[in-house]
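Visitor: Got a minute to walk through a structure with me? I'd like to start with how the inside is put together.
Guide: Sure, here it is.
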Amino acid sequence: MVKVTELCTGCVQVITNPICPYCFSRHVITWMRDKNIPKEKMSNIKRLLKDLVREAEQTPSGIRCILCGSKRVNLCVYCYTNKASRIVEKNVDPETMSSFNEDFETIIWRV
Ligand SMILES: [Zn+2]
Ligand SMILES: [Zn+2]
């Protein structure tokens, strides 16, 4: 059982399935491998995702990530998906983007 005591810094809702930005960006990067994304776009996205992780590290929280046990969860999956999709959107074509939205919507409901 995960004890929820803190709120998301994005939407101020209780974080029920804490996943840290680091684990989440790994999800995104794994997802990108099957897509036809040009190399330079890929590294663009990776760089921006790293910025997100760094941002999260600057506002540490007491919530442990359910995947890696790190204490860097300060955003809920919804907010993180939102931020990640804005990054991905700028670097992929609309077709890839809609598949991102589809895939990550199902990830949200699964975790
Ligand atoms: Zn949130
Ligand atoms: Zn994690």
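Guide: One term before we start: a nonpolar core here is a set of buried Ala, Val, Leu, Ile, Met, Phe, Trp, Tyr and Cys residues joined through C-beta atoms within 7 Å. Also, keep in mind that this is a predicted model.

Visitor: OK, so how many residues does the largest nonpolar core have?
Guide: That core has 21 residues, and those with the most contacts inside it are Phe-24, Cys-76, Tyr-80 and Ala-84. The elements giving two or more residues to it are H1, helix H2 (39-58), helix H3 (77-89) and helix H4 (94-110).

Visitor: Which of them gives the most to this core?
Guide: H3 does, with four residues.

Visitor: And what does Ala-84 touch?
Guide: Phe-24, Val-28 and Leu-49, if you skip residues up to four places away in sequence. As background, nonpolar side chains tend to be buried together in soluble globular proteins.

Visitor: Let me zoom out. How many helices and strands are in the secondary structure?
Guide: Four helices and zero strands. Read from the N terminus, the order is α-α-α-α.

Visitor: What share of the protein is buried?
Guide: Buried residues are 25% of the 111 residues. On contacts, take those with a separation of 6 or more: 68% of them are between residues 24 or more positions apart.

Visitor: Now the helix packing. At what angle do H1 and H2 pack?
Guide: About 170°, and their axes are 9 Å apart. That angle makes H1 roughly antiparallel to H2, because anything over 145 degrees counts that way.

Visitor: Which residues meet there?
Guide: From H1 you have Pro-21, Tyr-22, Ser-25, Val-28, Ile-29 and Met-32. They meet Met-42, Ile-45, Lys-46, Leu-49, Leu-52, Val-53 and Ala-56 in H2. By class, the contact of H1 with H2 divides into eleven nonpolar, one polar and one charged residue.

Visitor: How about H2 and H3, at what angle do they cross?
Guide: Roughly 155°, with the axes coming within 9 Å. H2 and H3 are therefore roughly antiparallel to each other.

Visitor: Is that crossing left-handed or right-handed?
Guide: The crossing of H2 and H3 is right-handed. On the H2 side, Ile-45, Leu-48, Leu-49 and Leu-52 meet Lys-83, Ala-84, Ile-87 and Val-88 in H3. The contact of H2 with H3 has seven nonpolar, no polar and one charged residues.

Visitor: Switching topic: where does Cys-11 lie?
Guide: In the segment before helix H1 (21-33).

Visitor: What is Cys-11 in contact with, leaving aside its neighbours within four places?
Guide: Cys-76, Tyr-78 and Cys-79. Cys-11 and Cys-79 are 68 residues apart in sequence, yet their C-alpha atoms are 7.1 Å apart in space. Cys-76 also came up earlier, among the core residues with the most contacts.

Visitor: Why does Cys-11 count as partly exposed?
Guide: Because it has 13 C-beta neighbours inside 10 Å, and a residue needs 20 or more to be buried, or 12 or fewer to be exposed.

Visitor: And Val-12, is that buried or exposed?
Guide: Val-12 counts as exposed, because it has 9 C-beta neighbours inside 10 Å. Val-12 is in the segment before H1 too.

Visitor: What's its phi?
Guide: Phi of Val-12 is near 55°, a positive value in a residue other than glycine.

Definitions and conventions: Residues are numbered from 1 along each chain as its sequence is written. Chains are lettered from A and ligands numbered from 1 in the order in which they are written. This is a predicted model: local features need pLDDT of at least 70, side-chain atom pairs count only at pLDDT 80 or more; totals for chains, interfaces and linings use all residues. Two residues are in contact if their C-beta atoms, placed from the backbone, lie within 7 Å. Axes are lines fitted to C-alpha atoms, for helices over the stretch in contact, and angles run from 0 to 180 degrees between N-to-C directions. Angles under 35 degrees count as roughly parallel, over 145 as roughly antiparallel, 65 to 115 as roughly perpendicular and the rest as oblique. Ala, Val, Leu, Ile, Met, Phe, Trp, Tyr, Cys and Pro count as nonpolar, Asp, Glu, Lys and Arg as charged, and the others, Gly among them, as polar. A crossing is left-handed if the near helix is turned anticlockwise from the far one by less than a right angle, and right-handed if clockwise.
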